[in-house]
Amino acid sequence: MDTITRMQRKLSELDFDFSTFTIESFAQFVGQHAGTNIQFIGWDMPPGLFGAWVSLKDSPRDYVFYNKTSPPLLQIHTKLHELGHILNGHATLSVTLDELRESIKTNQLNYLFKNSLLRGESGEQTTTAERLQMEAEAETVAELVQTEVFGNEAMMHLLTTESSYEEADAYLSHLGLKQ
Amino acid sequence: MITIPTQELFYMTAGISALIVALWKTHKIYRDTSWENRNKVIVRTWIFCTLIVVTALISSSESYVSMSEWTGINNINWLVTYLFTSLALYIMSDGLNIILNARTPKAVHAAIVLEWAILISLFFTGISDSHLAIDHVIAKNMRELLFMEIAYFYIAVMCFYTITQMTQLIYSGRELSTRIRWQLSTVSPVFATLFFTARFVYVPIIYLWPEWDNMVVHDAIGFVFVLASITWPIFYLPNSVFTFISHPFVYINNLITLQDLNFLQREIDKVCPRIVRQHEPLLKQLLKLDMYIYRAIISILDGKQILNSYRNDDLSSDLIALGNGRFLQSAPQPLHGHIYETLQAVDDSNDYPFLVAQYRAIARAYRKEAKA
């Protein structure tokens, strides 16, 4: 089965109503499906990285970091791309909340992002072919979601980046995760 | 034999059209919740239309006679029609300035006051007690000539002023439907400017040389007036009409845009290949042009960001840089430096429609250069 067909199947299993699409509602839905709570964080990403997904070991919470200096259009695309990784259950960097806090304090977060390219906790480097396959899957999910959103005439939600979750913003500020 | 539409037909057409628009705008104004928040442009439209309705109502021959008898002031309709037409144009230009986010120049405010003052003083110092005349074309004395010339000059200048305002709106309009609206809206002011300019020129000529008066010229000028009266309601048609008109143009424009953006994507592909390359059938693309334009922009932005990252830092990885949907496998050749430079011409913080237009423009320029 090719990548597109597999990803189409995954999305249809998700059974999300794309007529109600906003990036937050979709992330919430994907989070529920994956048994976690997903939060987006705008960040000054290191060069060459557009987004990163960090999973917490000690609580069902996942952070999707995206380059806050990217054009708004690309920020939403990056979020969808990272959600594609989550939906596919790809391996990512897993840390405790304390480790995450510590890395923020010591300005090591961008170093962590580079390590998020490693396979989970084992530290085993992914091969180029594996990485490209994972990227292809995540990118296909992003593209299929965009197609659905266009089909449901909700295109404007792919163009704006304003967050409607003030509570989440306050929580992230408290953690020091909001720059 | 072709019959040239009469002046009565003009008044009837203009009056009925104005009445319809005025009633429609009354409904819109009534719908607004508070006076402070009322749409200023709609209020001005309503005033403009109401003034035109009154002007049309009192412009028939019967009305001329009865109004003069009723008020005891001869030719009162002359004065009222000129004053109301002038005021209507002043209000309209003010409304257009609101749309343009511009202030109405002080000269425009001063001109209406001056015109009204001169017309009223001329009228009440000779015209109001002279013979009852229905025809506005031939001036009987110098006072009447001056009275008509000032009115025609002011109205012609104001019609031309609205054309310049609408031209600005054509160029500032983002949507094609909006540009079509303003383009079609200029038709009536163009005819109106022609009409009042022709009158402004013709009236003194036949005052000085009455033997030159010619019915064919009268009819020709009158016909231009009829055209102005038929075409002015275009300005007030609902947006959906212009959206409908613009559909085929938008589609063709989108098709060309997608072609241009695809070209740019292919050029970026040479440096940063796409991770997912779907080859959608042409028919599918033709049915979802908006979607494919959006995808093309995302892909271009992705490639641009990777190239920017490469330029700004020494990236060391098995893949030099990996974006959302593209990757840079090796350092770009100097040959490809040009595509990087080309992409920098676009400010990515722009709104989506501008972004599409800008990337399309650079794609065309790049393509042209590549061919040369």
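## A walk through a two-chain model

Let's start with chain A: of its 179 residues, 53% count as buried, where buried means under 20% relative accessible area, exposed means over 50%, and partly exposed is in between (1.4 Å probe, protein chains only). Keep in mind that this is a predicted model, where local features need pLDDT of at least 70, side-chain atom pairs count only at pLDDT 80 or more, and totals for chains, interfaces and linings use all residues. Residues are numbered from 1 along each chain as its sequence is written, chains are lettered from A and ligands numbered from 1 in the order in which they are written, and side-chain values use heavy atoms, leaving out hydrogens and water.

Chain A has seven helices and six strands; helices (H or I, at least four residues) and strands (E, at least two) are DSSP runs, numbered from the N terminus. Read from the N terminus, the order is α-α-β-β-β-α-β-α-α-β-β-α-α. If you take the contacts (heavy atoms within 4.5 Å) between residues at least 6 apart in sequence, 71% of them in chain A join residues at least 24 apart.

Now zoom in on helix 2 of chain A, residues 23-34. Its twelve residues should span 16 Å at 1.5 Å a residue, and the end C-alpha atoms are indeed 16 Å apart; the expected span is 1.5 Å times one less than the number of residues. Which parts of chain A do the buried residues of helix 2 pack against? They pack against helix 1, strand 1, helix 3 and helix 6. Among those buried residues are Phe26(A), Val30(A) and Gly31(A). Right after helix 2 comes Gly35(A), with a positive phi near 70°.

Another glycine, Gly89(A), sits in the loop between helix 3 and strand 4 of chain A. Gly89(A) counts as exposed because its relative accessibility is 57%. The C-alpha atoms of Gly89(A) and Ala34(A) are 8.1 Å apart, although 55 residues separate the two along the chain.

Over to chain B, which has 14 helices and two strands. Of its 372 residues, 47% count as buried. On the outside, Leu184(B), Phe244(B), Ile245(B) and Phe249(B) make a nonpolar surface patch of about 400 Å². Helix 10 of chain B gives the largest share of the patch, three residues, while Leu184(B) lies in helix 7. Patches are made of residues with over 30% relative accessible area and no salt bridge, with like charges joined within 9 Å and nonpolar side chains (Val, Leu, Ile, Met, Phe, Trp, Tyr) within 5 Å.

Time for some charges. Side chains of opposite charge can pair when their charged atoms come close. The structure holds ten salt bridges over all chains, each being a side-chain nitrogen of Lys or Arg within 4 Å of a carboxyl oxygen of Asp or Glu. In one of them, Glu137(A) meets Arg6(A) at 3.1 Å, N to O. That pair links helix 6 and helix 1 of chain A, 131 residues apart. Another joins Arg295(B) to Glu139(A), with the closest N and O atoms 3.5 Å apart. This pair crosses between chains, from helix 12 of chain B to helix 6 of chain A. Inside chain B, Asp348(B) and Lys304(B) form a salt bridge at 2.9 Å, and both residues are buried. Also in chain B, salt bridges with shared partners join Asp260(B), Arg360(B), Arg364(B) and Arg367(B) into one network.

Terms used: Accessible areas come from the Shrake-Rupley method with a 1.4 Å probe; for residues, only the protein chains shown count as cover.
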